[in-house]
Amino acid sequence: MTTPADARVRSMNIAPVYKAAIELDAGKYDVEVSKKGYDTYRKWISVDKKTILTIQLTKKEESQAAQ
């Protein structure tokens, strides 16, 4: 789940395109979440059968958002 809900979510090290509630095998994933006007989140995440990831993006300051 992401906040804002319409943020773009990508797993950078696998071929299937991310879709909501995608089931991933246990392992490590390079996850990127982005939306214009927000700081991008990118991190390696270890996933097992019980992993639920919630990411809340931070709004950029006005001077950064204009870039």
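**Notebook: a buried aspartate and its surroundings**

I began with Asp30, which I found to be buried, with a relative accessible area of 9%. I should write down at once that the model I am reading is a predicted one, and that Asp30 lies in strand E3. When I looked for a partner, I found that the side chain of Asp30 makes a polar contact with the side chain of Arg42, at 2.6 Å. Leaving aside neighbours within four places in sequence, I listed Arg10, Ser11, Met12, Asn13, Arg42, Lys43 and Trp44 as the residues in contact with Asp30.

**Entry two: the chain as a whole**

I then stepped back to the protein chain, which has one helix and five strands, and whose pattern, read along the sequence, is β-β-β-β-β-α. I noted that the C-alpha trace spans about 40 × 20 × 20 Å along its principal axes. How much of the chain counts as buried? I found that 24% of the 67 residues do. For the contacts with a separation of 6 or more, I recorded that 30% are accounted for by residues 24 or more positions apart.

**Entry three: Ser34, also in E3**

I returned to strand E3 for Ser34, which has its place there. Is Ser34 buried or exposed? Its relative accessibility is 17%, and because buried means under 20%, I count Ser34 as buried. Ser34 stands 28 residues from Asp6 in sequence, while the C-alpha atoms of the two are 9.3 Å apart in space. Setting aside neighbours within four places in sequence, I saw Ser34 in contact with Ala7, Arg8, Thr40 and Leu57.

**Entry four: the nonpolar core**

Leu57 led me to the largest nonpolar core, whose 10 residues are Ala7, Val9, Tyr29, Val31, Val33, Tyr38, Ile45, Val47, Ile55 and Leu57. Strands E3 and E4 each supply at least two residues of this core, and the largest share, three residues, comes from E3. For Leu57 itself, again without neighbours within four places in sequence, I noted contacts with Thr3, Pro4, Ala7, Val33, Ser34, Lys35, Tyr38, Asp39 and Tyr41.

**Entry five: Pro4 and its peptide bond**

Pro4, one of the contacts of Leu57, lies in the loop between strand E1 (2-3) and E2. I checked the bond that joins Thr3 and Pro4 and found a cis peptide bond, with omega about 5°. I add as a reminder that most peptide bonds are trans.

**Entry six: an exposed residue**

For contrast I looked up Ala20, which is found in the loop between E2 and E3. Ala20 is exposed, with a relative accessible area of 65%. I also compared its place with that of Val31, 11 residues away along the chain, and found the two C-alpha atoms separated by 14 Å.

**Entry seven: the largest pocket**

Last, I turned to empty space, which can be found by rolling a probe the size of a water molecule over the atoms. The largest pocket holds about 620 Å³ of space. Which residues lie nearest its centre? Of the 27 residues that line this pocket, they are Tyr18, Ile22, Leu24, Thr51 and Leu53. I divided the lining into 18 nonpolar, three polar and six charged residues. Strand E2 (8-11), strand E3 (27-34) and strand E4 (41-47) each supply at least two residues of that lining, so my notes end with E3, the strand where I had placed Asp30.

Note on methods: Residues are numbered from 1 along each chain as its sequence is written. This is a predicted model: local features need pLDDT of at least 70, side-chain atom pairs count only at pLDDT 80 or more; totals for chains, interfaces and linings use all residues. Side-chain values use heavy atoms; hydrogens and water are left out. On a 1 Å grid over the protein atoms alone, a cavity is a set of points where a 1.4 Å probe fits but cannot get out, and a pocket is an open set with protein on both sides within 12 Å along at least five of seven lines; lining residues have an atom within 4 Å of a point. Grid points are joined across faces, edges and corners, and a volume is the space filled by probe spheres set on the points. Helices (H or I, at least four residues) and strands (E, at least two) are DSSP runs, numbered from the N terminus. Ala, Val, Leu, Ile, Met, Phe, Trp, Tyr, Cys and Pro count as nonpolar, Asp, Glu, Lys and Arg as charged, and the others, Gly among them, as polar. Buried means under 20% relative accessible area, exposed over 50%, partly exposed in between (1.4 Å probe, protein chains only). A polar contact is a pair of N or O atoms within 3.5 Å; within protein, one must be able to donate a hydrogen and the other to accept it, and residues adjacent in sequence count only if both atoms are side-chain atoms. Contact means heavy atoms within 4.5 Å. A nonpolar core is a set of buried Ala, Val, Leu, Ile, Met, Phe, Trp, Tyr and Cys residues joined through side-chain atoms within 4.5 Å.
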